[in-house]
Every structure is written in structure tokens, then in C-alpha cells.
Amino acid sequence: MTSSLDDVRPKPGLPWLSWSLRTMAIILVATPLAIVTWNILWLFIADPVHSWPKDEAARAAPMVEAIYAYRRDVGLWPQSIEELVPRYLAADQVIREPEWGYGWPGYVADVAPSFSTHGPFHIGLYYHFPEAGDVGGAGWEARWEGDPMRVEFPAIAPELLRPPVAAALQEQSLAELRDRIAREPDEPRHQKELARRMAELPR
């Protein structure tokens, strides 16, 4: 009488070979089928993936231009996007989706704001504002799974990219700092920046 283990052991000879051949046949058929299926799916995925950064950048372009225009007139980066409405930006041009984020850098020298969003398939979209007057470093960037994407983005007007002349905007900057102190009296950064600029005024 044979043990139960004998029933589960692979039988030598043709039955075992037949099972191996069937497995190989399934693999040989399934692999090309999977490749074809993925290529068909990619036809529907590729266009949205590559068009999304460009479409979002075009949608956010008025916000970027408004940020530059504010800095051109005031000599400071805006604290928030809402600060640009309605003088620089219409209310319906503000993207209020939570994926979009604007980061005010405070008054740290040579540090620019951050402005970015994320989209489908782990795509990140970023606008780099110039730091320390480095206009060449300004512009849009898109990354997919961490790798850069080659996308043609809308251009920003060159006159907006030029850094403001601090001396020419001295009065505007001081007036805005006083307004910020009035709005946020408990924010020490406004007071410190106002004191620093007042100390630099010619006597």
C-alpha cells in the first residue's frame, strides 16, 4: 500500500513533461498578449500624461504673472495668492484646488517663493521663481516619477522676469510692510524687515 505522499509526487516521464510544455505554452502566449494590451492602454494614457503639465501651466500662467507683477510694483514677494486679488488677478483666475500650493519665503535674502502642484500618475509640476536675480533659472518644470519631462510650456513676459530695483521701490516696500504689520501685528518677521530697511535709509 502506497503512502499519501506518493499521490502528490510528480510522476516521472511524459505526464510531467506534458505539464511543463503546457506551462511554457501559456507563458509564450500570455507574454505577447500582455505587451499588446499594455501598448493599447498606453495609447489612451500617453496623451493625458504629456498634455497635463502643459494644460495646467497654461491655467496657472495668470497667477505666475500676477506674482511677478506684484513684485515689480512693490519690491516684495506676495504673502499669498489672495493678496493679488483683485488688483493683479481676477477672482475666477485663482486656482483654489488643494493640490496647488504657494509658499511665501518670508524675507530671507535671495530665496524665492515655491509654486507647485501634483497630478495623475505621480506627475509633479513646479514653477521656479528666480533667486538673487538669476532670471535664467526661472521657469516651469515637470517631473514624472522623479524624472524630468520634456514639455513646451507657455513663456512668461520678459519684462516681468527682470528683478525690481530696490531703491526705486523703497517707499512702496515700506508702505506694504506697514500694511502687513497692521494686518498681522503678532508676526515678528514683518517688524524685523521694516526695521532693517529703515536702518538702511540714507540719513
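**The largest pocket**

The largest pocket holds about 680 Å³ of space. Its lining is made up of 28 residues, and those closest to its centre are Gly75, Leu76, Asp110, Ala166 and Arg197. Two elements give two or more residues to this lining: helix 4 (170-183) and helix 5 (188-199). By type, the lining residues divide into 16 nonpolar, seven charged and five polar. The model described here is predicted.

Empty space of this kind can be found by rolling a probe the size of a water molecule over the atoms.

**A glutamate in helix 4**

Helix 4 also contains glutamate 176. Is glutamate 176 buried or exposed? Its relative accessible area is 11%. The limit for a buried residue is under 20%, so glutamate 176 counts as buried.

Which residues is glutamate 176 in contact with, leaving aside its neighbours within four places in sequence? They are Tyr70, Val74, Leu76, Glu83 and Arg183. Leu76 is also one of the residues closest to the centre of the largest pocket.

**The sheet**

The model has an open sheet of five strands, in the order 1-2-3-4-5, with antiparallel pairing. Strand 1 (101-103) and strand 5 (147-148) are the edge strands, and each of them pairs on one side only. In general, the strands of a sheet pair through backbone hydrogen bonds, in either a parallel or an antiparallel way.

At one edge, three bridges link strand 1 to strand 2 in the antiparallel sense. Here glycine 101 stands opposite serine 116 of strand 2. At the other edge, strand 4 (residues 139-144) pairs with strand 5 over two bridges, again in the antiparallel sense. Tryptophan 144 stands opposite aspartate 147, which belongs to strand 5.

**Strand 2 and its hairpin**

Strand 2 covers residues 114-118, and its side chains alternate along the strand. Phe115 and Thr117 point to one face and are buried. Ser114, Ser116 and His118 point to the other face and are not buried.

Strand 2 runs antiparallel to strand 3 (residues 123-128), and five bridges join the two. Which residue of strand 3 is the bridge partner of serine 116? The partner is tyrosine 126. Serine 116 also has glycine 101 opposite it. Strand 2 and strand 3 form a hairpin, with four residues between them. In the turn, phenylalanine 121 has a positive phi of about 55°.

Conventions:
Residues numbered from 1 in each chain as written. Predicted model: local features only at pLDDT ≥ 70, side-chain atom pairs only at ≥ 80, totals over all residues. Heavy atoms only, no water. Pairing = 2+ DSSP bridges. 1 Å grid on protein atoms, 1.4 Å probe; cavity = no way out; pocket = protein on both sides within 12 Å on 5 of 7 lines; lining within 4 Å. Points joined across faces, edges and corners; volume = space filled by probe spheres on them. Nonpolar A, V, L, I, M, F, W, Y, C, P; charged D, E, K, R; others polar. Buried < 20%, exposed > 50% of the residue type's maximum accessible area, 1.4 Å probe, protein only. Contact = heavy atoms within 4.5 Å.
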